[in-house]
Amino acid sequence: PSIPGPGVLSLQKNYLYDFSSSTEADFKNFFTPGAYPFVSPGSCNMSDITPGILIFWVESASGEAWGTRMRSANQEGSSFTIVGIEDGHNLAGDYFVKVKSRFNCTLYNNASGEAIALTDGEMVSYFIRP
């Protein structure tokens, strides 16, 4: 199944502790290739979110939000793997890491609770360290 229509896809990886004192090497190592768990569901309090992966989708036309952590999301049997990284500096001089990932997961609609299973997903994301 595909994500429903055009919109914005967001990938987040929690947490790079002591970000303000981290080096470019620390930032790159944060994205080391391998398997990562999805963040477990819980309250909306950011202090109780476990480290892991979050995927969000917001539909352009309706503004409906979908995510891997919505409501009582169940990601049992889901997977997320960083399969490759590249790094460098952009034209502004900011350090970046280009991350290629593969995943299987369920997205939940925040309003309705409807679920969509995504299989064989691939994504290339750029993370910039200003």
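Me: Two strands pair if DSSP finds at least two bridges between them. Which residue in E6 stands opposite Ser-79?

Reply: Ser-79 faces Asn-104 in E6. This is a predicted model in which local features need pLDDT of at least 70 and side-chain atom pairs count only at pLDDT 80 or more, while totals for chains, interfaces and linings use all residues. Residues are numbered from 1 along each chain as its sequence is written, and side-chain values use heavy atoms, with hydrogens and water left out.

Me: How do you know that E5 and E6 pair?

Reply: They share 10 bridges in the antiparallel sense, so the rule of pairing is met. The strands themselves are DSSP runs of at least two residues (helices, H or I, need at least four), numbered from the N terminus. E5 and E6 also form a hairpin with five residues between them, and Gly-93 in that turn has a positive phi of about 90°.

Me: What makes E2 and E5 a pair?

Reply: Strand E2, residues 34-35, joins E5 in the antiparallel sense over two bridges, and therefore qualifies. Within E5, Ile-82 stands opposite Gly-34.

Me: How many bridges join E6 and E7?

Reply: There are 13 bridges, again antiparallel. One of the facing pairs is Tyr-108 with Ala-115 in E7. These two strands form a hairpin with five residues between them, where Gly-113 in the turn has a positive phi of about 85°.

Me: Why is Thr-68 called buried?

Reply: Its relative accessible area is 0%, and buried means under 20% (exposed is over 50%, partly exposed in between, with a 1.4 Å probe and protein chains only), so the word applies. Thr-68 sits in the loop between strand E4 (65-67) and strand E5 (79-89).

Me: What does Thr-68 touch?

Reply: Contact means heavy atoms within 4.5 Å. Beyond its neighbours within four places in sequence, Thr-68 has contacts that include Phe-38, Ile-55, Gln-75 and Cys-105. Cys-105 in turn touches Phe-38, Ile-55 and Gln-75, among others.

Me: Why is the pair of Phe-27 and Phe-31 called edge-to-face?

Reply: Rings of Phe, Tyr and Trp (its six-membered ring) pair if their centres lie within 6.5 Å; planes under 30 degrees apart are stacked, over 60 edge-to-face, and the rest tilted. By this rule the count comes to seven aromatic pairs. Phe-27 and Phe-31 are 5.4 Å apart, centre to centre, with 75° between the planes, so edge-to-face is the right label. Phe-27 is buried at 6% relative accessibility, as is Phe-31 at 3%.

Me: What makes the pair of Phe-96 and Tyr-126 tilted?

Reply: The centres are 5.8 Å apart and the planes differ by 55°; this angle falls between the two limits, so the pair counts as tilted. Phe-96 lies in strand E6 (residues 95-109) and Tyr-126 in strand E7 (residues 115-129), 30 residues apart. Phe-96 is buried, at 17% relative accessibility.

Me: Which residues have the most contacts inside the largest nonpolar core?

Reply: A nonpolar core is a set of buried Ala, Val, Leu, Ile, Met, Phe, Trp, Tyr and Cys residues joined through side-chain atoms within 4.5 Å. The largest has 21 residues, and those with the most contacts inside it include Leu-11, Phe-31, Phe-80 and Cys-105. Strand E3 (52-59), E5, E6 and E7 each give two or more residues, and E6 has the largest share, six residues.
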